[in-house]
Amino acid sequence: MKAKELGKAVLPLMLICSVMMMSAQTLEVKVSFFCTNWGVAEPWDAFCARVKSAGFDGVETWLPADGPQRDAMEAALEKYDLQLILLSSGNGDTFEAYLENFIANLERAVARRPRLVNCHTGKDHFTFDQNKALIEAATAISKESGVEVVHETHRGRFSFAAHVTKSYLEALPELALALDISHWCNVHESMLGDQPEAVALALSRTRHLHARVGHPEGPQVNDPRAPEWAGVVAQHMAWWDRVVEYQRQGGKTALTITTEFGPPTYMPVLPYTRQPVADQWSVNKYMFEQLKARYSE
């Protein structure tokens with residue numbers, strides 16, 4: 001090829017590479033924020049009005065079993081223009097019964113067309129192959145329905161520990177996580193500094209975050225605003241930052257986060273009176289505001 005012709009061929013390639021590099025540098029990950037209704041007793045309309053006023057994009061909840069409650073939820077979500085993330089799981093005295101119930105519940109959840117479904121999948125005492133069968137059933141339902149299905153890292157589930165979850169992630173390339181890393185801090189009684197490979201793999205496969213702060217002795221600090229928790233809060237923020245960066249590097253343009261500090265007695269309480277040591281709503285709203293400012297476009 002003559003030099004002149006080579007120059008003509010190389011120039012378009014350089015332009016293409018330049019555009020690709022600029023796209024990678026400017027790719028933004030839009031983060032949508034969801035509010036848990038865990039522990040909420042107020043009617044759906046009042047709750048959704050409060051969620052919308054606070055600035056959240058949607059709600060994460062279990063699908064109500066009661067028909068009128070489902071109708072009230074969907075009416076309130078539509079009225080206040082809020083998105084929906086559904087939780088789903090299974091029950092049963094045997095694995096076969098659990099699998100049947102898990103599939104039925106997940107099919108009901110995807111039929112509501114939520115933004116995604118977050119599954120509490122399996123049991124920590126199920127065999128690897130049993131939990132694998134549940135994950136593969138969820139993957140099939142997700143593909144058939146077109147609704148994204150993720151699996152939460154949670155005590156008592158297949159994903160109860162970092163090193164165990166690593167085995168599933170390595171065996172199942174389509175497995176995507178809802179990362180609640182606070183559970184692992186509790187399970188391993190550490191801030192996971194001795195498991196960098198397992199943590200990095202989990203962060204890279206996360207599609208949804210539960211923004212709760214755990215510590216070596218429990219899955220929830222009493223109040224993330226308290227100065228004594230600054231170190232563990234900073235560590236969780238660093239993990240969440242890496243999730244956002246992995247999304248960007250992978251070409252993903254959207255991520256969902258639910259602030260999920262729980263109610264009493266998940267929230268620590270005083271003895272005798274059982275008075276919670278902090279207000280659940282204000283703690284979740286504080287965490288939402290911190291993360292929204294951190295990840296705003």
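I take a polar contact to be a pair of N or O atoms within 3.5 Å, where one must be able to donate a hydrogen and the other to accept it. I am working from a predicted model, and I went through it place by place.

**Entry 1. Glu148**

I looked up Glu148 with that definition in hand. Its side chain is joined to the side chain of Arg207 by a polar contact of 3.1 Å. I found Glu148 in strand S5, which covers residues 148-152. I also listed what Glu148 touches beyond four places in sequence: Leu116, Val117, Ser142 and Arg207. Is Glu148 buried, exposed or partly exposed? I noted it as partly exposed, because its relative accessibility is 28% and the partly exposed class lies between 20% and 50%. I then checked the distance from Glu148 to Asp180. The two are 32 residues apart in sequence, and their C-alpha atoms are 18 Å apart in space.

**Entry 2. Ser89**

I went next to Ser89, in the loop between strand S3 (83-88) and helix H4 (95-111). Which backbone oxygen does the side chain of Ser89 reach? I found that of His120, at 2.7 Å. Ser89 has a relative accessible area of 9%, so I put it down as buried. Setting aside neighbours within four places in sequence, I wrote down its contacts as Trp62, Tyr98, Asn101, Phe102, Asn105, His120 and Arg157. His120 thus appears both as a contact of Ser89 and as the owner of the backbone oxygen reached by the Ser89 side chain.

**Entry 3. Asn37**

I looked at another loop residue, Asn37, between strand S1 (30-36) and H2. Asn37 has a relative accessible area of 18%, and it is buried because the limit is under 20%. Outside four places in sequence, I found Asn37 in contact with Trp44, Phe47, Val59, Glu60 and Thr61.

**Entry 4. Nonpolar cores**

I asked which members of the largest nonpolar core touch the most other members. The core has 72 residues, and the ones I was after are Cys48, Leu106, Trp240, Ile257 and Leu291. Helix H9, residues 230-249, gives the most to this core, with seven residues. I also found another core lying apart from it, of six residues, including Leu116, Val150, Ala176 and Ala178. Leu116 had already come up as a residue touched by Glu148.

I then took Trp240 on its own. Leaving out neighbours within four places in sequence, I listed its contacts as Leu209, His210, Ala211, Arg212, Val213, Met287, Leu291 and Tyr295.

**Entry 5. Helices H2 and H10**

I checked how H2 (residues 44-54) and H10 (residues 280-295) sit against each other. Their axes come within 11 Å and cross at roughly 35°. I recorded the crossing as right-handed. On the H2 side the contact is made by Arg50, Val51 and Ala54, and on the H10 side by Trp281, Lys285 and Phe288. By class, I noted four nonpolar, no polar and two charged residues in this contact.

**Entry 6. Backbone angles**

Most residues other than glycine have a negative phi, and most peptide bonds are trans. I therefore wrote down the places where the backbone departs from this.

Asp81 has phi near 55°, a positive value in a residue that is not glycine. I found Asp81 in the loop between helix H3 (67-79) and S3. Its relative accessibility is 59%, so I counted it as exposed.

Glu189 also has a positive phi, about 50°, and is not a glycine. I placed Glu189 in the loop between helix H7 (182-187) and helix H8 (196-204). At 53% relative accessibility, Glu189 is exposed, because the class begins over 50%.

Which peptide bond did I note as cis? The one from Pro264 to Thr265, with omega near 5°. Thr265 is in the loop between S8 and H10.

**Entry 7. Lys252 and Asp129**

I looked up Lys252 in the loop between H9 and strand S8 (254-259). It counts as partly exposed, at 39% relative accessibility. How far is the C-alpha atom of Lys252 from that of Glu28? I found 8.5 Å, with the two residues 224 apart along the chain.

Last, I checked Asp129 in helix H5, residues 128-145. I counted Asp129 as exposed, at 58% relative accessibility. Asp129 and Leu87 are 42 residues apart in sequence, and I noted 23 Å between their C-alpha atoms.

Methods
Residues are numbered from 1 along each chain as its sequence is written. This is a predicted model: local features need pLDDT of at least 70, side-chain atom pairs count only at pLDDT 80 or more; totals for chains, interfaces and linings use all residues. Side-chain values use heavy atoms; hydrogens and water are left out. A nonpolar core is a set of buried Ala, Val, Leu, Ile, Met, Phe, Trp, Tyr and Cys residues joined through side-chain atoms within 4.5 Å. Buried means under 20% relative accessible area, exposed over 50%, partly exposed in between (1.4 Å probe, protein chains only). Helices (H or I, at least four residues) and strands (E, at least two) are DSSP runs, numbered from the N terminus. Contact means heavy atoms within 4.5 Å. Axes are lines fitted to C-alpha atoms, for helices over the stretch in contact, and angles run from 0 to 180 degrees between N-to-C directions. A crossing is left-handed if the near helix is turned anticlockwise from the far one by less than a right angle, and right-handed if clockwise. Ala, Val, Leu, Ile, Met, Phe, Trp, Tyr, Cys and Pro count as nonpolar, Asp, Glu, Lys and Arg as charged, and the others, Gly among them, as polar.
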